[in-house]
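The following explanation leads the reader through one protein structure, from its overall layout to individual contacts. Please keep the sequence and the model in view while reading.

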Amino acid sequence: PLLAWIGGHTGRTWLTAGLVTVTAVYVVHLLAHFEATLREGHQLTRADIAALHLNGLAAYGGANWLIEAVSFSATAPVAFAFAFWHGAVAFWLATRQRDHALHFAALAFTLLTVAIAIQFDGVGVTMGWAAEGAVVMWLGLREQREWLRVGGLALFALAAVQLLGLQFATPTIDQVVFLNRRAGCGAFLVALAYALAWIHHRR
């Protein structure tokens with residue numbers, strides 16, 4: 001219902017009221033989630049996990065929808081802010097409930113992926129996604145969580161596919177022959193791939 005309301009009330013007039021409402025709904029759901037799950041010995045259910053991710057993504061979606069109608073340039077900083085917030089929550093939960101913290105970290109990485117896609121293009125997006133995918137894979141190995149490692153692998157693979165598109169695209173007229181941005185991006189992904197292979201070998 002809130003997202004449906006936002007769809008009919010975008011614009012500068014409703015920006016403040018809309019953001020306050022989105023924040024309030026998000027906080028109410030977050031507090032209810034903590035009340036239900038931060039108990040001794042509680043194991044996260046699939047419903048808990050779905051609610052955790054949907055609350056963060058829906059709040060970002062609503063806020064982004066409101067802000068985009070007024071200032072598109074502010075949408076990337078909003079995504080970065082949401083990613084930072086959920087990363088901070090993950091850090092706070094790390095010593096209390098490890099699984100809980102990892103799901104908030106996964107949500108933070110998802111929002112960071114969105115922020116990178118909005119803020120950068122071409123080489124910047126490819127390198128950002130590759131680096132993020134590598135970090136998520138390392139975290140999955142470190143915490144022995146296969147779902148997290150597979151998520152990082154998927155993001156790294158997406159960056160590799162995007163790199164292939166960049167490498168075979170028609171070069172610009174002013175591109176340096178060898179030491180150009182696309183070559184640097186390719187070298188960066190190759191180095192990351194070797195680093196990930198070494199980390200997997202060690203584990």
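A residue is called buried when its relative accessible area is under 20%, exposed when that area is over 50%, and partly exposed in between. These terms recur throughout the description of this model, which is predicted.

The general layout comes first. The protein chain contains eight helices and zero strands. Read along the sequence, the pattern is accordingly written α-α-α-α-α-α-α-α. The C-alpha trace spans about 55 × 45 × 20 Å along its principal axes. Of the 203 residues in the protein chain, 38% are buried.

How do helix 3 and helix 4 pack against each other? Helix 3 covers residues 46-68 and helix 4 covers residues 75-93; their axes lie 10 Å apart and form an angle of about 160 degrees. Because angles over 145 degrees count as roughly antiparallel, helix 3 is described as roughly antiparallel to helix 4. The crossing of these two helices is right-handed.

Attention now turns to the charged side chains. By the rule applied here, the count of salt bridges comes to four. One of them joins aspartate 99 and arginine 145, whose side chains meet with an N to O distance of 2.6 Å. This pair links distant parts of the chain: aspartate 99 belongs to helix 5 (residues 98-119), whereas arginine 145 sits in the loop between helix 6 (123-143) and helix 7, and the two are 46 residues apart. Aspartate 99 has a relative accessible area of 37% and is therefore partly exposed. Arginine 145 also counts as partly exposed, at 21% relative accessibility.

A salt bridge is also formed by glutamate 143 and arginine 142, with 2.7 Å between the closest N and O atoms. Is glutamate 143 buried or exposed? Its relative accessibility is 11%, so glutamate 143 counts as buried. Its partner, arginine 142, has a relative accessible area of 40% and is partly exposed.

Within helix 7, the side chains of glutamate 146 and arginine 149 meet in a salt bridge at 2.6 Å, N to O. Both residues lie in that helix, three residues apart, which corresponds to about one turn. Glutamate 146 counts as partly exposed, at 47% relative accessibility. Elsewhere, Arg98, Arg142 and Glu143 are joined into one network by salt bridges that share partners.

The nonpolar side chains offer another view of the surface. Val176, Val177, Phe178 and Leu179 make a nonpolar surface patch of about 510 Å². Where does phenylalanine 178 lie? This residue is found in the loop between helix 7 (146-167) and helix 8 (181-202). Phenylalanine 178 counts as exposed because its relative accessibility is 63%.

Tyrosine 26, by contrast, is buried, since its relative accessible area is 9%. Tyrosine 26 lies in helix 2, which comprises residues 15-37. Between the C-alpha atoms of tyrosine 26 and tryptophan 198 there is a separation of 41 Å, and these residues are 172 residues apart along the chain.

Notes:
Residues numbered from 1 in each chain as written. Predicted model: local features only at pLDDT ≥ 70, side-chain atom pairs only at ≥ 80, totals over all residues. Heavy atoms only, no water. Patch = residues over 30% accessible without salt bridge, like charges linked within 9 Å, V, L, I, M, F, W, Y side chains within 5 Å. Areas by Shrake-Rupley, 256 points an atom, 1.4 Å probe, with all protein chains shown as cover. Helix = DSSP H or I, 4+ residues; strand = E, 2+ residues; numbered from the N terminus. Buried < 20%, exposed > 50% of the residue type's maximum accessible area, 1.4 Å probe, protein only. Axes fitted to C-alpha atoms, helices over the stretch in contact; angles between N-to-C directions. Parallel < 35°, antiparallel > 145°, perpendicular 65-115°, else oblique. Left-handed = near helix turned anticlockwise from the far one by under 90°.
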